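Open the model in your viewer and keep a selection tool at hand. The stops below say what to select and what is there.

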Amino acid sequence: MIDYFIGAIIFIYGLIFGSFLNVLIYRIPRKNFFSSVSSYCPECKHKLAWYDLIPVFSYIFLRGRCRYCKEKISVRYPIVELSNAVLWVLSFVFFRNSISDIILSAVLFSLLIVIAGIDLDTQEIPNGLVIAVLVLGVIRFILSFFFGDMLWFEHLIGAACISIPFLIIALITGGGIGGGDIKLCFAVGLFLGWKLTLMGTFLGIILAGIIALVIMIKHKKSGTIPLAPSLCFGFATALLFGNMILELIF
Ligand SMILES: [Zn+2]
């Protein structure tokens, strides 16, 4: 019973923090992160009241449109809020044996959401976010070294196992894979260890391929698709279900 209660609290905090992630996704590329301007509609610039900013519910209540100019609000806002809340609850459910794992995974999920959102908008991953992921990876590596959920060098192999092949591909193709993707794979790899990194990258590339195929069929043209959001999805899936999948297979 108490678990449901804690789960519900985490869900609510996940929603609230998720709406902060939306602010980050919007503001970090515009470099006005530290301006104290309160939230406003990106279309009509009207200041938003607190009741316009209740995660998910405001979107449903306003039927996805701005209260003031009736312009459509991107469905990404509630999706970001919900994903963050769900991923936080799943961190609590899956990693309940270790409070550090719960916190580290929850923070990693939030960072992956912001990275995916910004990469979708700008095709770039800000270095600051990669460094934040790297810090998480180093913490997890140190914890692993002393308390060992896996052998410590598995984290080091994780950092290298995708980032180095990606780097070689980038050097050969002259930019087929972005520098941000390579750095992200290094940082996330250190966190996940090599098994989950390989699995996450595999899932991410499959997803990116499916998206590329759908775009090609729908618009009858091929375009570049941002790899990072698919990779973020793959890494998150691998972190949650990777060990289960590995146990099923082996
Ligand atoms: Zn508006």
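**Stop one: helix H7 and its neighbours**

Begin with helix H7, whose buried residues pack against four helices: H6 (152-161), H8 (179-192), H9 (194-219) and H10 (227-249). Keep in mind that this is a predicted model.

Now select residues 163-173, the span of H7, and pick out Ser-163, Phe-166 and Ala-170, which are buried. Looking down the axis of H7, you will find its buried residues within an arc of 65°, so they line one face of the helix. In general, an α-helix has 3.6 residues a turn, so residues three or four places apart point the same way. Turn to the other side of H7 and select Leu-171 and Ile-172, which are exposed.

Leu-167 is also in H7. Is Leu-167 buried, partly exposed or exposed? With a relative accessible area of 40%, Leu-167 is partly exposed, because buried means under 20% and exposed over 50%. For a sense of distance, add Gly-14 to the selection: the C-alpha atoms of Leu-167 and Gly-14 are separated by 35 Å, and the two residues are 153 residues apart along the chain. Then go to Gly-174, just after H7, which takes a positive phi of about 65°.

**Stop two: Thr-201**

Move to helix H9 and select Thr-201. Its relative accessible area is 3%, so Thr-201 is buried. Which residues does Thr-201 touch, not counting residues up to four places away in sequence? They are Ile-162, Phe-166, Leu-231 and Phe-235. Phe-166 was on the list of buried residues in H7.

**Stop three: H1 against H4**

Next, show helix H1 (residues 2-27) together with helix H4. Two packed helices are described by the angle between their axes and the distance between the axes. Here the axes of H1 and H4 come within 9 Å and cross at roughly 35°. The crossing of H1 past H4 is right-handed. On the H1 side, select Phe-17, Leu-21, Leu-24 and Ile-25, which make the contact with Ser-110, Ile-113, Val-114, Gly-117, Ile-118 and Asp-121 of H4.

Stay with Ser-110, which has its place in H4, a helix of residues 99-122. Ser-110 has a relative accessible area of 4% and is therefore buried. Leaving aside residues up to four places away in sequence, Ser-110 touches Phe-17, Leu-21, Asn-84 and Trp-88.

**Stop four: aromatic rings**

How many aromatic pairs does a search of the whole structure find? The search finds 11. To see one of these pairs, select Phe-94 and Phe-95: their ring centres are 6.5 Å apart and their planes stand at 65°, so the pair is edge-to-face. Phe-94 counts as partly exposed because its relative accessibility is 27%, while Phe-95, at 16%, is buried.

For a group of rings, select Phe-141, Phe-145, Phe-146, Trp-152 and Phe-153, which ring pairs link into a cluster.

**Stop five: charges over rings**

Two arginines finish the tour. Select Arg-30 and Tyr-26: Arg-30 lies over the face of Tyr-26, at 3.8 Å from the ring centre. Then select Arg-96 and Phe-92, where the charged end of Arg-96 sits over the ring, 5.2 Å from its centre.

How values were computed
Residues numbered from 1 in each chain as written. Predicted model: local features only at pLDDT ≥ 70, side-chain atom pairs only at ≥ 80, totals over all residues. Heavy atoms only, no water. Buried < 20%, exposed > 50% of the residue type's maximum accessible area, 1.4 Å probe, protein only. Helix = DSSP H or I, 4+ residues; strand = E, 2+ residues; numbered from the N terminus. Arc of directions from axis to C-beta. Contact = heavy atoms within 4.5 Å. Phe/Tyr/Trp six-rings, centres within 6.5 Å; stacked < 30°, edge-to-face > 60°. Lys NZ or Arg CZ within 6 Å of the ring centre and 35° of its normal. Axes fitted to C-alpha atoms, helices over the stretch in contact; angles between N-to-C directions. Left-handed = near helix turned anticlockwise from the far one by under 90°.
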